[in-house]
Amino acid sequence: MSVGEYVGEWYPGFRPEFLDAPSPVDGAAPFRDEDAGSFWFLDFHWSRGLTPLAAATWGQDGYCSGTQVAADRIPLPGGRGITCRFAGTHVYGSPLPEPDPGAARLRAAQLAATLPGRLRDHDRAWRAARDELQRGWDGFQALDLRRVGDGRIAELLTWARAYHRRAMEIHFETMYPLLLNYLSFRDLCARLGIDPAGVGRFLQGTDTKIMETDRALAELAGSARRVGLREVFAEHGGTTVRGALSTRGGAASAWLTSFDDFLRVHGHRQEATCDVGVPSWAEDDRIPLDLVRGAVLADTPHDYAAAAQRALADRDAAVDEARSGLTRQELSAFDAGLAANRAANFPWWQDDHNHYIDLRVMIPLRRVCLELAARVGADRHDDMVFLFWPELLSVAGGRGLTRELRSLVVERRAYFEHWAGLRATMPKVLGTLPDVIDDPILLEVFGLGPTMLESLAPRERGAEGEEWNPLTLRGLGASAGTAVGIARVLRSTDEVHRLEPGSVLVCESVTPSWTPTFAVISAAVCDSGGTLSHAAIVGREYGIPTVTAVGTATTAIADGDLVEVDGTTGTVTVLGRTGDPVHGHRTGPRTARRAPARARPRETGGAIAVAGRDIVWLDDAETPAPLVGTKMARLSDLLRAGVAPVPDGFTVTTAAFATHLARSGLGAALRDVFARVGTEPAAAAAAARDLVLRTPVAESQAAAVRAAYAALSQRGERRELPVAVRSSAPAEDGSDASFAGMHETLLGVTGAQDVLDAVRASWASLFTERAVAYRRSIAGGPLDPAGWATAVGVQRLLDARSSGVAFSAHPVTGALDRAVVEATWGWGEALVGGLVDPDHAELDTSDGRLLRYSVAEKATRSTPDLATGRMHASPMPPELARGRVLDTEEIGAVGALAAAVAHHLDAPADVEWVVEQGRGPGGPVHVVQARPMTATGPPPRHDPAGWASGNR
């Protein structure tokens with residue numbers, strides 16, 4: 001839908017300079033004509049709309065400056081944060097991409113260098129940030145605003161806004177690394193055949209401050225039932241129940257005292273994220289009283305302890321199920337990713353941080369505004385929130401609330417209320433839909449993926465008098481289980497009093513303010529929200545079936561409809577319409593039937609078909625790239641030209657893969673998969689990988705691989721030689737395309753069968769989500785997966801004393817006069833995977849002089865367990881962790897190697913190298929991979945933590 005009808009439409013008296021605050025990229029504003037070319041989504045956090053002061057403070061300081069500053073500081077490779085526009089009072093957001101591919105690559109390099117350290121430091125940094133925010137809060141709470149002089153009010157307003165701005169910096173600088181860590185693990189799970197939609201289950205079962213408040217509300221409800229107050233709550237809602245309890249006296253008055261004690265501890269939270277226009281529970285207790293009322297009236301109170309135990313049991317069962325389908329090497333990568341995500345747990349933080357940031361950091365500004373309103377004799381206590389920031393400072397600075405401003409406040413309040421009434425009619429998206437949405441917040445928090453966007457196609461409801469047909473809506477299965485109940489379509493938490501026990505909550509999405517309702521409802525259905533949305537997280541923790549990203553739930557479902565919610569499949573079915581005598585007002589039993597995580601199918605038979613020129617050795621006279629792939633062709637060329645030592649090995653050629661595709665029927669099956677699922681990368685990739693791993697292959701053609709491995713072992717004077725198995729596609733690592741990091745690498749593989757399994761895994765990695773998406777981006781048209789060629793390299797695994805990466809030119813600046821060498825102890829997987837900070841050296845390329853050497857704290861190293869064929873991360877011994885990896889001679893040798901490779905390639909080179917145990921001065925430095933530095937492919941998508949061992 002066009003933004004045109006909202007251009008030029010905003011609060012009376014607005015002037016552009018009222019929002020003139022710095023943002024790195026783009027600031028908040030009403031819609032403009034030039035916004036038509038961008039994609040805009042309706043943000044569910046503010047279903048009431050935003051007042052002028054909220055638009056100026058949250059819109060500018062949080063939405064724009066907060067996300068954009070953090071996106072640059074982290075930095076995010078492909079994005080510069082988010083910006084926002086206003087359609088009336090309603091907020092629309094839009095991602096800000098990084099348009100310069102070179103800048104994106106630079107940001108990706110910076111992220112790769114800094115993200116591991118940020119994740120390791122997460123716990124300490126978050127505790128320090130919470131302490132900082134708490135000190136600010138405690139200092140403000142100690143103030144008696146009634147005793148503050150008039151001259152300090154403007155100063156306090158400025159401090160309160162700065163407090164909020166600082167909180168937003170903390171918020172997004174903490175959020176982005178955790179989210180990237182989660183996405184890296186999710187993508188690893190997808191590559192391992194584990195349903196990525198179930199990854200959140202692996203991380204559930206952790207307590208938060210928000211849950212603490214929910215339990216305190218439940219305790220109040222329990223005490224109200226015990227002292228006989230159920231009848232009072234049944235007859236009165238949040239607006240009148242306090243008066244009724246006060247009149248009743250006795251136990252009711254004592255209960256009110258307990259409730260007020262609760263508010264002193266838990267009442268400093270608002271009903272909307274960082275919204276100065278919304279009161280806290282301590283200021284207006286109607287909503288918490290309504291939440292208590294719902295719990296009091298429930299026939300069976302929610303058992304929080306049992307829910308917590310079920311969440312833990314479900315988490316452990318999901319992890320066990322996922323692990324049971326993995327090979328030893330896959331298990332190592334999975335366990336590392338799981339441990340990293342439990343240590344820096346985004347779903348937990350997503351819930352916990354709301355207590356310290358989202359729900360309370362705007363309260364100081366609101367309280368100062370209320371105090372100012374009282375001092376200037378405003379007509380209503382919250383009149384100040386209908387001023388823009390410069391107007392507010394003018395009033396606080398001594399000008400007072402002029403007649404003109406009073407009139408504007410009245411007009412703006414009416415404008416706010418008018419647009420609040422239009423919320424249900426606001427389009428979910430505006431502007432130009434992108435081909436792909438890849439911003440991690442939009443995907444995982446807002447749920448703006450293909451499922452939701454496709455659901456926004458108009459659906460017609462039967463006219464009055466027409467026979468009604470069942471309606472099924474589809475979304476994201478965010479929390480498994482099924483339930484049937486009466487739908488209550490709510491626009492905000494102002495309406496929680498309408499929730500009866502067993503209701504199905506239908507809303508735009510769930511913020512922390514809705515959490516206590518999960519103790520009452522049977523299920524939740526949301527227009528928006530991804531797997532990391534609050535609805536998904538709370539649904540999983542409390543065992544409530546939840547479907548998010550439905551898109552049209554609040555318009556397709558009418559209040560009072562009987563609906564069935566299946567949180568396992570992500571479907572919502574309207575079983576009966578409001579007033580239909582068939583369904584009446586029955587609610588179904590609450591259930592929580594969980595679905596196990598989907599593990600990758602195990603191979604049950606067959607081997608890998610290779611025939612004809614299916615095996616080519618590295619030292620063969622002819623190793624063309626179309627046959628052995630770019631990676632192995634380049635290594636063979638370097639070896640035969642005498643440029644660099646290369647570990648001995650052979651290639652399972654592209655001809656072998658082509659033979660397998662043709663003989664097994666896999667090629668036709670892959671075409672059928674892509675024809676059925678279209679070009680959506682995730683679905684196509686998952687289906688294709690599953691096919692590759694399941695398709696039987698001719699046993700007769702496995703003999704070539706077994707014979708080649710036996711010959712390689714004999715050449716290496718070992719019965720079963722440890723090898724590295726790497727993909728080598730013809731299109732890899734070229735000057736116009738780079739598949740770096742998208743295909744499989746397995747290290748420390750021993751035994752013929754394990755080598756065959758590793759070759760199969762490498763074939764399947766041709767169809768990772770990232771690889772499919774990248775091929776789509778460079779193809780410019782339909783994909784023919786059966787035509788994709790890949791080879792697999794099998795090489796002797798060197799006994800590495802040290803390893804690393806060398807760049808013949810500076811990888812960040814591109815300067816040709818500086819070479820860069822990065823080094824760590826042992827094998828390089830910890831370095832490539834971002835698990836260790838390497839030593840860093842820079843050399844003058846004109847004379848080889850060492851210009852700089854920085855010793856890093858190398859806390860982790862990768863070591864192969866040859867007994868199990870598994871590469872794993874282990875703690876670095878202290879003497880090595882702080883020790884220098886390369887001496888001057890070794891640095892010179894590595895630098896000379898990079899220069900020689902660059903000269904041979906006639907382009908700046910990126911060289912992965914290994915120094916073997918026992919090498920003396922002048923000994924060889926081996927090349928295990930080399931490529932030009934001119935690749936122009938996009939930065940890795942959602943894989944910055946690199947938990948897949950050896951992925952490159």
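**Exercise 1. A backbone angle at Glu717**

Where does Glu717 lie? Find its loop in this predicted model, then look at its phi angle and its accessibility.

*Solution.* Start with the place: Glu717 sits in the loop between α25 (703-715) and β16 (723-728). Next, read the backbone: phi of Glu717 is near 60 degrees, a positive value in a residue other than glycine. Finally, take the accessibility: Glu717 has 74% relative accessibility and therefore counts as exposed, since the cut-off for exposed is over 50%.

**Exercise 2. Another positive phi**

Is Ala549 buried or exposed? Work out its setting along the way.

*Solution.* The loop that holds Ala549 runs between β11 (546-548) and α20 (553-556). Phi of Ala549 is near 55 degrees, which is positive, and the residue is other than glycine. With 3% relative accessibility, Ala549 counts as buried, because buried means under 20%.

**Exercise 3. A cis peptide bond**

Which residues does a cis peptide bond join, and what is omega there?

*Solution.* Look at Ile74 and Pro75: the peptide bond between them is cis, with omega about -10 degrees. To place it, note that Pro75 belongs to the loop between α1 (52-73) and β3 (79-87).

**Exercise 4. Looking for disulfides**

How many disulfides does the count give? Check Cys84 and Cys526 by hand.

*Solution.* Recall first that a disulfide is a covalent bond between the sulfur atoms of two cysteines. The test used here asks for sulfur atoms within 2.5 Å. By this rule the count is zero disulfides. Cys84 is in no disulfide, as its nearest cysteine sulfur, that of Cys64, is 4.0 Å away. Cys84 is also buried, at a relative accessible area of 0%. For Cys526, the closest cysteine sulfur is in Cys507, and at 4.1 Å that is too far for a bond. Cys526 counts as buried too, at 0% relative accessibility.

**Exercise 5. Two packed helices**

What are the angle and the axis distance between α14 and α15? Classify the packing and list the residues in contact.

*Solution.* Take the geometry first: helix α14 (residues 363-375) packs on helix α15 (residues 389-399) at about 50 degrees, and their axes are 11 Å apart. The two are therefore oblique to each other. The crossing of α14 past α15 is left-handed. Now list the contact: α14 supplies Leu365, Cys369 and Leu372, while α15 supplies Trp389, Leu392, Val395 and Ala396. Sorted by class, this contact has seven nonpolar residues, no polar and no charged ones.

Definitions and conventions
Residues numbered from 1 in each chain as written. Predicted model: local features only at pLDDT ≥ 70, side-chain atom pairs only at ≥ 80, totals over all residues. Heavy atoms only, no water. Buried < 20%, exposed > 50% of the residue type's maximum accessible area, 1.4 Å probe, protein only. Axes fitted to C-alpha atoms, helices over the stretch in contact; angles between N-to-C directions. Helix = DSSP H or I, 4+ residues; strand = E, 2+ residues; numbered from the N terminus. Parallel < 35°, antiparallel > 145°, perpendicular 65-115°, else oblique. Left-handed = near helix turned anticlockwise from the far one by under 90°. Contact = heavy atoms within 4.5 Å. Nonpolar A, V, L, I, M, F, W, Y, C, P; charged D, E, K, R; others polar.
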